[in-house]
Amino acid sequence: MSAESAVIIYADGGCRGNPGPGGWGVLLQAGDRVKELWGGEASTTNNRMELTAAIRALEALKRPATIELHTDSQYVQKGISEWIHNWKRNGWRTADKQPVKNADLWQRLDELAGQHRIRWCWVRGHAGQPGNERADALANRAMDELRQVPAPR
């Protein structure tokens, strides 16, 4: 693939409380173009936000691409690279026959990932890696914005 279709993604999610208000953030880089995305949910879990970040990043792409997707979540990195094959074979059940947690998000991520060539890269969180730090800041921004929304009356 050409350099034009190569995309670097940093995806991060988090929660204040688990469950609690959560946010996700994404930094996409393709050549000299940069795009930032973020969003949140009032009541969710850390793992759901980590998965949502990767999903939203892939949904933002308009055509198939070669991607390096960086995440500080071993849950996401190992889940999509290793565990998902057995989950699918076992009808979305774990090795001990329990339903896979967050199966709705795993299925969506699997569908989107199938449209691209992706290298899933784990990076240590809060270790000064600029792309990961920016994605983390965007996830926190989303959580901050949730707190500013007035409660329904």
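In what order do the elements of the chain run from the N terminus on? Colour the predicted model by secondary structure and follow the chain. The order is β-β-β-α-β-α-α-β-α. That comes to four helices and five strands.

**Whole chain**

Zoom out first. The C-alpha atoms fill a box of roughly 50 × 45 × 30 Å along the principal axes. The radius of gyration is 16 Å, which agrees with the value near 15 Å for a compact globule of 153 residues. Buried residues make up 43% of the chain. Take the contacts between residues at least 6 apart in sequence: 65% of them join residues at least 24 apart.

Now show the surface. The chain exposes about 8600 Å². Carbon and sulfur atoms supply 49% of that area. Colour the charged side chains next: 21 are positive and 18 are negative. The centres of the two sets lie 4 Å apart.

**The nonpolar core**

Hide the surface and go inside. Nonpolar side chains tend to be buried together in soluble globular proteins. Here the largest nonpolar core has 33 residues. Select Ile9, Val26, Leu58, Trp106, Leu109 and Trp120, which touch the most other members. Several elements give two or more residues to this core: strands S1 (6–15), S2 (20–30) and S4 (66–71), with helices H1 (46–59), H2 (74–89) and H3 (103–113). Which element gives the largest share of this core? Select H1, which supplies seven residues.

**Val26**

Centre on Val26. Leave out residues up to four places away in sequence. Val26 then touches Ile9, Tyr10 and Ala11. Its other contacts are Lys35, Glu36, Leu37, Ala53, Ala57 and Leu138.

**Helix H3**

Move to H3. Which residues of H3 are buried? Select Ala103, Leu105, Trp106, Leu109, Leu112 and Ala113. Residues three or four places apart in an α-helix point the same way, because the helix has 3.6 residues a turn. Now add the partners of H3. Its buried residues pack against H1, H2 and strand S5 (117–122).

**Thr44**

Finish at strand S3 (residues 33–44), where Thr44 lies. Is Thr44 buried or exposed? Thr44 has a relative accessible area of 5%, so it is buried; the cut-off for buried is under 20%. Show what surrounds Thr44, leaving aside neighbours within four places in sequence. Thr44 is in contact with Cys15, Asn18, Pro19, Gly20, Gly22 and Met49.

Terms used. Residues numbered from 1 in each chain as written. Predicted model: local features only at pLDDT ≥ 70, side-chain atom pairs only at ≥ 80, totals over all residues. Heavy atoms only, no water. Core = buried A, V, L, I, M, F, W, Y, C linked by side-chain atoms within 4.5 Å. Buried < 20%, exposed > 50% of the residue type's maximum accessible area, 1.4 Å probe, protein only. Contact = heavy atoms within 4.5 Å. Rg over C-alpha atoms; globule rule 2.2 N^0.38 Å. Areas by Shrake-Rupley, 256 points an atom, 1.4 Å probe, with all protein chains shown as cover. Lys, Arg positive; Asp, Glu negative; His and termini not counted. Charge placed at Lys NZ, Arg CZ, Asp CG, Glu CD.
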